[in-house]
Amino acid sequence: MSVQKFFGADGVSVERVVINGPQGSSAEVYLYGATVTSWKCGGKERLFVSRQAKLDGSKPVRGGIPLVFPQFGPGALPQHGFARTRQWTLLSAEEHGQGVVVNLQLKDNEDTRASKWPFKFDLLYTIDLTATTLSTIIKYENVDSQAFSFTSLMHTYLRVPDIARTTVAGLKGVPYLDKIKGGEGLVEERDLVTVDANEDRVYIDVPGAVEVACGGESVGIRRFNFKDIVLWNPWAEKAAEMSDFADDEYPQMICVEAGTVASQISLKPGQTISCGQILTFNSSASHI
Ligand code: BG6
């Protein structure tokens, strides 16, 4: 593990943690937003980061795994909340029997307490890398004297060789809100979901694991205390509107985002909940 420091926007110091795991696996995490920007295993990069992404702390990273907290989407706070634009603290990094585990922390501060979500909180983010898995788990703690509620999500941008050949298994029979159709409620009928247009869907209460497959390889996504899955690809029209996403990049990515966003997570004073995902690389697509 090493920590690289450099200067970003307005001379702000940017720090990136580089993690080397077993069998050539590796990951990189920016302390800005605690954004995982790289996960390599099986000899390839598995996460997508736009070549136009800002990596200087001037805006949320367009790619990797930005963290959405305490608000998913638009609302009283800036889009997707404040966690993805804060400096997190690196607490520890150590090897264990099968890989490397890194712990990061975000607590409330003067800014967050002055925001529309003014509560005192403590987030402990554990990133655990093994030869074939990347596990990202947040322990959310209410350190306030009053109860609070929030939504949260791991906005995972997976790199795929070609969106036209990419399938997502595990969503059949799951109700979803189609944000492109104004939030219409529908039910997924396909065994294997494919994407061929601007898609923005919230699959609600997904019962099991999902698997994203392309070109004979796949990444499985198992969730822990997160209920929902957001599926997003901006396609050509939305890509053209984003300054930090190149026009020709949408065929190389799919966002499959584990979170609880259709309902709220509520914590009383002193309560905690741990939620997260385990990404598992498979050199063959098993289609769960
Ligand atoms: C997804 C939302 O999670 O994130 C989309 O469902 C949104 O509606 C997308 O467009 C990207 O959001 P942002 O704020 O990173 O551009």
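This passage describes the ligand site of a predicted model, the annotated residues found there, and two local features of the backbone. In this predicted model, local features require a pLDDT of at least 70 and side-chain atom pairs count only at pLDDT 80 or more, whereas totals for chains, interfaces and linings use all residues. Residues are numbered from 1 along each chain as its sequence is written, and side-chain values use heavy atoms, with hydrogens and water left out.

The ligand is surrounded by Arg-62, Phe-72, Gln-79, His-80, Arg-84, His-155, Lys-179, Asp-200, Val-230, Trp-232, Lys-238 and Glu-257, a residue being counted if one of its heavy atoms lies within 4 Å of the molecule. By class, this shell comprises three nonpolar, three polar and six charged residues, where Ala, Val, Leu, Ile, Met, Phe, Trp, Tyr, Cys and Pro count as nonpolar, Asp, Glu, Lys and Arg as charged, and the others, Gly among them, as polar. Oxygen atoms of the ligand take part in polar contacts (pairs of N or O atoms within 3.5 Å): a polar side-chain atom of Glu-257 lies 2.7 Å from a ligand oxygen, a side-chain N or O atom of Gln-79 is 3.0 Å from a ligand oxygen, and a distance of 3.0 Å likewise separates a ligand oxygen from a side-chain N or O atom of Lys-179. Taken alone the ligand exposes 390 Å², of which the protein buries 87%, the areas coming from the Shrake-Rupley method with a 1.4 Å probe.

The space taken by the ligand is the largest pocket; a pocket is an open set of points, on a 1 Å grid over the protein atoms alone, where a 1.4 Å probe fits, with protein on both sides within 12 Å along at least five of seven lines, and lining residues have an atom within 4 Å of a point. The unreviewed UniProt entry assigns the annotation "binding site" to Arg-62, Gln-79 and Arg-84. Although these residues are spread over 23 residues of sequence, they cluster in space, with a largest C-alpha distance of 13.5 Å, and the lining of the largest pocket includes Arg-62, Gln-79 and Arg-84. The same unreviewed entry places the feature "active site" at His-155 and Glu-257. These two span 103 residues in sequence, yet their C-alpha atoms are no more than 4.7 Å apart, so they gather at one spot.

Turning to the backbone, the peptide bond from Phe-69 to Pro-70 is cis, with omega near 0°. Gln-23, a residue other than glycine, has a positive phi near 50°.

Technical notes:
A polar contact is a pair of N or O atoms within 3.5 Å; within protein, one must be able to donate a hydrogen and the other to accept it, and residues adjacent in sequence count only if both atoms are side-chain atoms. A molecule sits in a cavity or pocket if more than half of its atoms lie within 2 Å of its grid points. UniProt positions are given in the numbering used here, feature names are shortened, and annotations may be inferred rather than shown by experiment.
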